[in-house]
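Q: I'd like to learn how to read strands and salt bridges in a model like this one. Can you walk me through it?

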Amino acid sequence: MLAELETEVLSLETNRRLPSPLESLHKLTGNYWWSWAADGAAIFRDLDSETWAACEQNPIALLRQTSDFRLAQMAADPWYQRRVAALAADFEKYLGDTQLWSTRDRGVAITPEHPVAYFCAEFGIHNSLPLYSGGLGILAGDHLKSASDLNLPLVAVGLLYRFGYFRQHLRADGWQQESYRETEPTDLAIDPVTDDAGRRLLIEVTMRGRAVRAQVWRANIGRVSLYLLDTNIPENDETDRLVTGHLYGGDRETRLVQEMMLGIGGVRLLRALGISPSVYHLNEGHSAFLTLELAGELIDSHGLSFAEAAEAVRQRCVFTTHTPVAAGHDEFEKPLLQECFGAEAIARLGLTTEQFVGLGQSGSGNTDEAFGLTPLALRMSRSINAVSRKHGEVSRSLWQKMWPERGVNNVPITSVTNGVHAATWAAPLIRSLFEMHLGADWGRRDAASWAAGIESISDQALWQSHSLLRQKLVAFVRERVSRSQNGNGESEAVKESETPRLNPDALTIGFARRVAEYKRWALPVTDPARFLRLLHDADRPVQFVFSGKAHPQDQGAKMILQRVAKWAADPLLRDRVVFLEDYDQEIARQLVQSVDVWLNVPRRPFEASGTSGEKVAINGGLNFSVLDGWWLEGYDGTNGFAIGDLSEGETNADAADAESFYSVLEKQIVPLYYDRDADGIPRRWVAMMKRSIATLVPQFNSDRMVAEYAERIYLQE
């Protein structure tokens, strides 16, 4: 068995031989820094664009599949040679910057010897690393990228999912079907972690009465290491090999043992690596069991009582909650909890079963209450934050029951509003404008110089760049829909007739997010006749691009999606409304970089933060959203559009918001967009684009977010 593992390590280290001018591409593929570097993705795409698309932007697969002739052809191209050399030099310079955030800004306790340990169930680094399902993962990926850019000492811990999140296909009747593709670690830019003897490092956690082992992989995210636990090894029973099988798949038992591996196994992994974190960041409750492992360590090593150990653990843990409704938090029934943990693990903490279960209960006195990971994280963390100011208010009200002696305003839950990684989400065309008018360090400019630089961009340059991106989106939609139809085996004539012909000059509105009832996917068609008039106005047409997935076990969400898919397929709507299947990071990138308007209509106050609209703002798109989450903080009346007021509730708010949606679209957005001067430029629209970029990007970016975490959350006062 050991020989097999060692052979696997050797095979992973063996790369295809490249022509000498291209050899540095191997090193670049080993670090996801390329995914946000200027010219990074383009270097790989231009090597072989068809293969790049076919392998879904995976540089490892690209280098394996590109023909010898094409490699030789590009190696002999002096312009491409210079680009590869320049990117490799930038990478070396990036890694060579040893000036840490802590020494750059202030003396703090976060050091390479004692970094932040960031735990999350999913990480959206890039499309080619399928460890994410949606917003939580994308946010975690942006967090790591900004920590790397700021050179904040941080390591991250997650799970390597064998099948990842599901792939989506819609049947002819619009019903979502799920499928899974097995991920081979050898196809990913990850490295096996070995011990001092060169053997695969194995981490062991007892669950369901069995010792379950996990091998460890490392992904390099710039200067940040992301460690991934993987139970798919021969030493484990077949059932246990699937502990890290599917992201958010399976039953409650599978979810519980996954979260045990993430939290307990993650702490044991850091110990095995000799990493002693200064603070543990629980990004959502999935990793909350790490607090019990830390307490158990202190009990074992120092003979503390659980109460003493828990107090010490609190001083080292911080918790971010992302969910504004109680039903969205993971809970487990007492018998399942006992079965998976076992009596020995509970006894190790010096607790009775009732006391152990009580750690995950709200303290209401109901002994039948399920065990929740959020109550556990709330009890065991010294700092708790929501992800927007409004979400902070909602969370304090939701969890006041944990602090019954306090008024709701004094519940110790603060907020750090989410941000996005600007270099990842800015389109190359827009990024080039920023570099031209603000310099190569555009992402580091203060608000005043940022605003001045944006204002110096000519209306013509900004509008032309945005129009080209919209044209690119229209071509992308057509190609993506055609590819989906190829999978259905339809004839060329049928495919041609059913492929949408979006107008590259029409006002284009994007709407992409998880399908859920509170996100109100059907609100835009509350009044079908009015909606059709907007779409088919001969002089001022409007078109929509939708995308999103329903959770496999959420039948209600699937029914909503089916209704949306059916009206998107209606012949009256086909050339004005498109639903893109299998929403992923690549679709998201195309949409946020190219749409004119980003629509968001959740029922207040259930949008914890939202970040898609922040990505749109970077690229000059305008937000058209309910005043909830981040938009409640970002909207100032001049940098986008608001839907409705601050009302909360269901029926009345839904009707009022639908009327506001139509009214603002008809009376403000459409006229402003189509009001052109003699040069064909909508000057007032472009002015709002500039205002959006100038006011939103400096505040709603992940560099600001991570710095705020470091200064307010990670550093103990």
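A: Sure, and keep in mind that this is a predicted model. Let's start with strand β1, residues 116–119: Val-116 and Tyr-118 point one way, Ala-117 and Phe-119 point the other way, and all are buried.

Q: Which strands pair with β1, and in what sense?

A: β1 pairs in the parallel sense with β9 (residues 279–283) over four bridges, and also in the parallel sense with β2 (residues 154–159), again over four bridges. To get the register, look at Val-116, which stands opposite Val-279 in β9, and at Tyr-118, which stands opposite Ala-156 in β2.

Q: Which helix joins β1 and β2 in a β-α-β unit, and is the unit right-handed or left-handed?

A: That's helix α9 (residues 135–150), and the unit is right-handed.

Q: Now the charged pairs. What's the general idea, and how many salt bridges are there?

A: Side chains of opposite charge can pair when their charged atoms come close. Here the count comes to 53 salt bridges. Take Arg-167 and Glu-56, whose closest N and O atoms are 2.8 Å apart. That pair links distant parts of the chain, 111 residues apart: Arg-167 is in strand β3, Glu-56 in the loop between α4 and α5.

Q: Is Arg-167 buried or exposed?

A: Arg-167 counts as buried because its relative accessibility is 18%, under the 20% cut-off. Glu-56, at 24%, counts as partly exposed. Both also belong to a salt-bridge network with Arg-181, Lys-549 and Asp-582.

Technical notes:
Residues are numbered from 1 along each chain as its sequence is written. This is a predicted model: local features need pLDDT of at least 70, side-chain atom pairs count only at pLDDT 80 or more; totals for chains, interfaces and linings use all residues. Side-chain values use heavy atoms; hydrogens and water are left out. Buried means under 20% relative accessible area, exposed over 50%, partly exposed in between (1.4 Å probe, protein chains only). Helices (H or I, at least four residues) and strands (E, at least two) are DSSP runs, numbered from the N terminus. Two strands pair if DSSP finds at least two bridges between them. A crossover is right-handed if, with the strands pointing away from the viewer, the path from the first strand over the helix to the second runs clockwise. A salt bridge is a side-chain nitrogen of Lys or Arg within 4 Å of a carboxyl oxygen of Asp or Glu.
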